[in-house]
Amino acid sequence: MLIADTRTNAGLDNISTFRKLHIFEEPGHHVLGLATAGNLSVSQSVVSMLNEGVEDHEIGERRQLRDCRTMFQAAQLVGTAIRQVHKVNGAFMEQSNVSFDVSFLLGGQIAGDSLRLYMVYSAGNFIECTQDTPFLQIGEHKYGKPVLDRAVNYDMEISEALKSSLISMDSTMRSNLGVGLPIDVMVVTPDSLHSELIYRIEPGEPYFHDLRERWSAALRSAHASIPKPPYLKNARPRVVNEA
């Protein structure tokens, strides 16, 4: 499962919407999702290169994600594309004090391989999601990560994982204006070799609106049900000075 928002901004007065979740799918052969974060021009260049083909200097040909035989090879190809974009644009961006800051989540399955998820960094190196790390995040995630840390486990049922992820995304949006609707969702189940769900949550979408309201109410209720700290039972009432 992959989830990505669509908001990009260069300041409070320059907010735009761009797709950050890209689908590469050939049912029966491969189904891959690529979520992006960081510098928009860099991530768009990498995605375009993956669509058109990444130059393989050893064989003198261009390779696409569909040419990869394993998910590991696909993660390597994404890393190669990042390095090639950096080779072309990195020095010019540095001269203009623009950070080459980008990261990707690559998830899915290729026929003959298992369902896997990778996080690819701006240097082109990557790590894989494991049972010890049942989720991976890129971009702005510090506000939503505590929700996933408490709720998500490796054997979680997919609909529960999706619910927890949407709550995490909502928590991030509540605290950071740089993250916002619409939200793109992709779900892939093992060995199906096709996308189980590709869905965009637009502003005002009934389920997400209800989820936000229920989560806020649940937090208020939980807060009220927890006993007050015993440390202040002998404290004097606070005096408020009025002019």
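A residue is called buried when its relative accessible area is under 20%, exposed when it is over 50%, and partly exposed in between, using a 1.4 Å probe and protein chains only. By that rule, buried residues make up 40% of the 243 residues in the protein chain.

The model is predicted, and local features need pLDDT of at least 70, side-chain atom pairs count only at pLDDT 80 or more, and totals for chains, interfaces and linings use all residues. Residues are numbered from 1 along each chain as its sequence is written, and side-chain values use heavy atoms, with hydrogens and water left out.

Consider the whole chain. Its C-alpha atoms fill a box of roughly 80 × 45 × 35 Å, taken along the principal axes. The accessible surface, from the Shrake-Rupley method with a 1.4 Å probe and, for residues, only the protein chains shown as cover, comes to about 14700 Å². Carbon and sulfur atoms hold 51% of that surface. A contact means heavy atoms within 4.5 Å. Of the contacts with a separation of 6 or more, 58% are between residues 24 or more positions apart.

The chain has five helices and twelve strands. Both are DSSP runs numbered from the N terminus: helices are H or I with at least four residues, strands are E with at least two.

Strands of a sheet pair through backbone hydrogen bonds, either parallel or antiparallel. Here two strands count as paired if DSSP finds at least two bridges between them. One open sheet has three strands in the order S1-S11-S12, with antiparallel pairing. Strands S1 (2–5) and S12 (197–201) stand at the edges with a single partner strand each, so one side of each has no neighbour in the sheet. Neighbouring strands of this sheet are turned by 10 degrees against each other on average, direction ignored. Strand S11 (residues 183–187) is joined to S12 by five bridges; within this pair, Met186 has Ile198 of S12 as its bridge partner.

Helix H4 (residues 158–175) packs on the sheet and touches S1, S11 and S12. The direction of H4 makes about 20 degrees with that of S1. Axes are lines fitted to C-alpha atoms, for helices over the stretch in contact, and angles run from 0 to 180 degrees between N-to-C directions.

Lastly, the cysteines. A disulfide is a covalent bond between the sulfur atoms of two cysteines; the cut-off used is a pair of sulfur atoms within 2.5 Å. The structure holds zero disulfides. Cys68 is in none, and its nearest cysteine sulfur, that of Cys129, is 20 Å away. Cys68 is buried, with a relative accessible area of 2%. Cys129 also counts as buried, at 17%.
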